[in-house]
Amino acid sequence: MNWNDNLTAERATFVSHLECSMTGERYEADELHGLSSAGRPLLVRYDLEGVREALTRDALAQRPHDMWRWRELLPVRRAAHVVSLGEAATPIVSLATVGARLGLTELLAKDEGRLPTGSFKARGLAMAVSMAKELGVTKIAMPTNGNAGAALAAYGSRAGIETIVLCPDDTPEINVREIAAQGARVYRVDGLIDECGAIVGEGAKAGHWFDLSTLKEPYRIEGKKTMGLELAEQLGWRVPDVIFYRTGGGTGLIGMWKGFAELEALGLIGPERPRMVAVQAEGCAPMVKAWQEGEEHAERWQDAHTVAAGIRVPKAVGDFLILRAVRESGGFAIAVPDEAILAAVDDAARQDGLLLCPEGGATLAAAAQALEQGLISRSDRVVLFNCATGLKYSMPDRSRRLSKAGPIDHAAL
């Protein structure tokens, strides 16, 4: 089998229809859709009996290890429409030292920073842009806190689709420049990401572009669900006891929960499920508040602020899907302070050599807090998601000066 067979070989496709996540209303596949008529996200449904015959463990074992090895369980019909920058399977990294100090038997991190453009956003945007290409879209726009815009710019350019990105004015400079460098038109907005999204939505209604915002089209979920598919296979077709997932728009958490159900229907895993934990920052925790209050929807968070820009999302269109997954799994939502986030990033780097992004640091801080509060047990197999490479973020300067103006005392170094 060639290295690029997952990208170039034609394979059977099994998409049957799209479905409103709130009402169950059915929509035709192979047509361009945004939200449902109820204003809710659409979910892709498959003929899972057909997939079960085609996508076996033996078939998977013969394929290159990238995101596209799951083609029968993905929405792109034709290989010619696959837009890829090399979305290889991301590694699971043991945080043995940090875990031992916390008292956890097994603490693992799935390091999504190894993907193209350095973040897990590559999964969702590769899929969404591939489907935009398949459905004839020529111009797309979306809001971003940084990494999603960078991924959209890269995949949009590769697909030859014109791309516009709007970001809050305080988006990290490296992300803004990355977006522009990869071919998108990027605009800074005096507001938060949901306010950027409102501008994108107005432009879409006026017919200027297609809105590729989080959960406002059906396919980013399908890309993000591959995190769960991949994780289950890497763990020997077992799911972990607990997953700590940074939660802003929540596409990944929703997607993984959907993916686990599909894997069970295919006979690849059993009925066991991980407890899904939605991790937010104390300065922007709408899901945590809604979960604590037993609500189905979350109110917009006022004065949102956190060092972890990727989870500074005051209002998520898929709030009820996030909360549904958390509750169905027996999980919980938890908020951590910025000080704990920064300390966790420092701990993982110094003790285990893995440089987490701030959002990844939030998941480690949450695991430590949950263990202390008795929400998880020491024997649980815990998986954190590090959603981006820490190299994109500012780091403290701890270098020391060494003068060569005389003999060097090597013993003192």
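This is a short talk on the salt bridges and one sheet in a predicted model.

Okay, so keep in mind that what you have up there is a predicted model. Let me start with the charged pairs. The count comes to 26 salt bridges, and I'll walk through a few of them.

First up, E233 and R69. Their side chains meet in a salt bridge, with N to O at 2.5 Å. What parts of the chain does this pair tie together? E233 is in helix α10, residues 226-234, while R69 is in the loop between α3 (57-61) and β4 (92-94), so the bridge joins parts that are 164 residues apart in sequence. And is R69 buried or exposed? Buried: its relative accessible area is 2%, and the cut-off for buried is under 20%.

Now for a couple of pairs that sit within one helix. R177 has a salt bridge to E173, with the closest N and O atoms 2.9 Å apart. Both are in helix α7, residues 173-181, and they are four residues apart, which is about one turn of the helix. On accessibility, R177 is exposed at 58%, whereas E173 is partly exposed at 36%.

Then there's R350 with D346, a salt bridge at 3.1 Å, N to O. These two are in helix α14, residues 338-352, again four residues apart, about one turn of the helix. R350 comes out exposed, with a relative accessible area of 56%, and D346 partly exposed, at 24%.

One more on charges, and this one goes beyond a pair. Which residues are linked in a network of salt bridges? K110, E112, R123 and E230.

Right, on to the sheet. It's an open one, four strands in the order β8-β7-β6-β9, with parallel pairing. Why do β8 and β9 each have one side without a neighbour in the sheet? Because β8 (185-189) and β9 (210-211) stand at the edges, and each has a single partner strand.

Let's look at β6 and β7. β6 covers residues 139-143 and β7 covers 162-168, and the two pair in the parallel sense over five bridges. If you want a spot to click on, M142 stands opposite V165 in β7. Packing on this sheet is helix α6, residues 147-159, which touches both β6 and β7. The direction of α6 makes about 170° with that of β7.

That's the tour: the salt bridges, then the sheet with its helix.

Methods:
Residues numbered from 1 in each chain as written. Predicted model: local features only at pLDDT ≥ 70, side-chain atom pairs only at ≥ 80, totals over all residues. Heavy atoms only, no water. Salt bridge = Lys/Arg side-chain N within 4 Å of Asp/Glu carboxyl O. Buried < 20%, exposed > 50% of the residue type's maximum accessible area, 1.4 Å probe, protein only. Pairing = 2+ DSSP bridges. Contact = heavy atoms within 4.5 Å. Axes fitted to C-alpha atoms, helices over the stretch in contact; angles between N-to-C directions.
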